Structures are given as structure tokens and as C-alpha cells.
Amino acid sequence: MLTAEKTHLLLTRADGRSESPAHHGIALSAAALADLREAGMVRVEDAPVASARLWVVAGGTAGDPVLDGLLPGVDALSGKKVSAVVAKGRPAALKPVAAHLVETGELEEHKAFLTTRRVPVTTSVKDGLTSHLTAVVLDEADPTAEDVLLLGILQHLNLARRLLPGAHERYDRREFTRRIEALTRSDLLVQAVRAAVAGRGGAIAATAAGVTSD
């Protein structure tokens with residue numbers, strides 16, 4: 001299962017609603033970029049997050065229905081700053097990710113009036129992910145690159161304490177945060193998620209205060 005698919009299931013509640021509606025697309029964008037990088041389709045510059053750029057390095061298809069669904073929009077992102085791409089929720093991964101999860105039986109569609117909600121069939125994947133990530137935070141499992149990204153996403157979407165209760169019950173808030181930061185702070189995509197969330201929060205606050213800029 002792709003990291004983007006795991007991210008979607010991790011951020012989806014039993015009723016099909018998102019754990020973080022405002023930032024769900026940001027999280028999926030970072031996860032999709034990780035998948036595309038793993039597939040050898042894109043390269044993320046090894047540079048500070050403020051300047052690192054995304055480059056498309058392979059054409060054709062990836063051989064995966066989700067990644068192939070993303071590719072038409074990926075070429076236009078080549079050369080753009082990673083932080084800007086993630087902040088805009090690009091590539092837009094929700095539609096192909098949700099469609100494939102329905103196809104594989106992880107989600108089922110519930111139609112009501114003019115809306116369709118895709119609801120997890122079981123919580124087994126989400127429970128497995130949260131259990132494993134808890135073990136990583138507790139130093140009971142070695143972290144993979146995927147674990148680092150998922151933990152960083154949860155931390156910067158302010159979901160880690162709620163979704164990983166087994167870890168935060170052992171550590172106080174400061175130590176819990178410190179442990180996740182130590183694992184994730186050097187990951188560029190995690191840094192991009194953090195910047196995107198902070199930027200969106202600032203924009204919302206400015207709008208609420210009636211502040212505008214040219």
C-alpha cells in the first residue's frame with residue numbers, strides 16, 4: 001500500500017470525515033511526493049526547505065493506478081519549490097487515492113442526497129499504523145522513512161497526541177513532542193508540511209482579523 005493511501009486511512013475517521021479537514025490535502029501531497037520519489041518519478045532537492053525544488057526525472061507510467069493517476073499533473077510541478085507545491089496540496093491525490101481504496105475494499109461509498117462519503121470498511125489499517133507508530137515513538141521499533149513522514153504529518157497536524165495515546169500516556173507533552181521532533185525534524189517533506197500548516201494558519205488568522213496584503 002502506498003504511503004499516500006496509508007496517510008488517507010490514518011487521517012480518516014470511522015464516519016468517513018477527515019481528522020484534519022483543512023490540512024488533509026497538504027498531508028496527501030507530501031505522502032504522494034514520497035511515493036513518486038520512491039518510484040523514481042521525481043527528485044526532491046537536498047536543500048533547505050525554503051529553497052528545495054521538485055524535479056520530474058522520469059516519463060511514462062509508474063505501473064501503479066494511483067501514481068499513474070497523479071502523473072498528468074506532476075509535469076507542471078517540475079522546478080517548483082517543494083514547500084509551495086505541498087502548501088497548494090499538489091499533486092492533488094485525494095481522488096485517485098480514494099478511488100483505489102474503494103476498488104481494493106478498504107473504503108466503501110455511502111451516498112446521501114447529493115454527497116458521497118467514503119467510509120473505512122474496518123479500522124484495521126489505521127489501528128495497525130497507530131500501533132506501529134506508537135512503538136516507534138517508544139523506541140520499540142526502528143523507524144522507516146515512511147514512519148518518519150507519517151509521524152511528522154501527525155505532529156504538525158496536531159494529531160499525534162490524540163491518535164497515539166499509548167505514547168503520550170508514557171511521556172508528558174514536552175517529552176512526547178521532543179521525541180517526535182528528534183525523529184522527524186530533518187525530513188524535508190515533513191518540514192514542507194510544517195511550513196504549509198503554519199502558513200495556512202497565519203492566513204486564516206489574518207483573514208479573521210481583517211488583515212489583507214497586496
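## Hairpin, core and salt bridges in a predicted model

Strands E3 and E4 form a hairpin with two residues between them, and Phe 113, which lies in the turn, has a positive phi of about 55°. The structure described here is a predicted model. The two strands of the hairpin run antiparallel and are joined by six bridges. One of the pairings places Leu 107 opposite Pro 120, its bridge partner in E4.

The hairpin also takes part in the surroundings of helix H5. This helix spans residues 94-103, and its buried residues are Pro 96, Val 97, Ala 98, His 100 and Leu 101. Strand E3 (107-112) and strand E4 (115-120) are among the elements that cover these buried residues. Helix H1 (3-10) and helix H3 (65-74) are included in the cover as well. After H5 comes Gly 105, whose phi is positive and near 90°.

The largest nonpolar core comprises 60 residues, and within this core Leu 36 and Leu 154 touch the most other members. Helix H2 (residues 24-38) supplies the largest share of the core, with nine residues. Leaving aside residues up to four places away in sequence, Leu 36 touches Met 41, Val 42, Leu 67, Leu 70, Leu 71, Val 74 and Pro 91.

Helix H10 has twelve residues. From its first C-alpha to its last, H10 reaches 17 Å, close to the 16 Å expected at 1.5 Å a residue. The N-terminal end of H10 is capped by Asp 172, a side-chain oxygen of which lies 3.2 Å from the backbone nitrogen of Arg 174. Buried positions in H10 are Phe 176, Arg 179, Ile 180, Glu 181 and Thr 184.

Eleven salt bridges are found in a search of the whole structure. Three that involve residues of H10 are set out below.

| Salt bridge | Closest N and O atoms |
|---|---|
| Asp 139 with Arg 179 | 2.5 Å |
| Arg 178 with Glu 175 | 2.8 Å |
| Arg 179 with Glu 175 | 3.4 Å |

What parts of the chain does the pair of Asp 139 and Arg 179 tie together? Asp 139 belongs to the loop between helix H6 (124-137) and helix H7 (145-156), whereas Arg 179 belongs to helix H10 (residues 173-184), so the pair links parts that are 40 residues apart in sequence. The two partners are unlike in accessibility: Asp 139 is exposed, with a relative accessible area of 59%, while Arg 179 is buried, with a relative accessible area of 15%.

The other two tabulated bridges lie within H10. Arg 178 and Glu 175 are three residues apart in the helix and are therefore separated by about one helical turn. Both count as partly exposed, Arg 178 at 44% relative accessibility and Glu 175 at 22%. Arg 179 and Glu 175 are four residues apart in H10, again a separation of about one helical turn. Elsewhere, salt bridges that share partners join Arg 13, Glu 19, Lys 126 and Arg 162 into one network.

Contacts also connect helix H7 with residues early in the chain. Glu 146 is found in H7, and its side chain makes a polar contact of 2.7 Å with the side chain of Thr 3. When residues up to four places away in sequence are not counted, Glu 146 touches Thr 3 and Lys 6.

A further position to consider is Pro 165, which is placed in helix H9 (residues 165-168). Is Pro 165 buried or partly exposed? At 34% relative accessibility, Pro 165 counts as partly exposed. The C-alpha atom of Pro 165 is separated by 7.9 Å from that of Thr 134, although the two residues are 31 residues apart along the chain.

Notes
Residues numbered from 1 in each chain as written. Predicted model: local features only at pLDDT ≥ 70, side-chain atom pairs only at ≥ 80, totals over all residues. Heavy atoms only, no water. Salt bridge = Lys/Arg side-chain N within 4 Å of Asp/Glu carboxyl O. Buried < 20%, exposed > 50% of the residue type's maximum accessible area, 1.4 Å probe, protein only. Polar contact = N/O pair within 3.5 Å; in protein donor to acceptor, adjacent residues only side chain to side chain. Contact = heavy atoms within 4.5 Å. Pairing = 2+ DSSP bridges. Core = buried A, V, L, I, M, F, W, Y, C linked by side-chain atoms within 4.5 Å. Expected span 1.5 Å × (residues − 1).
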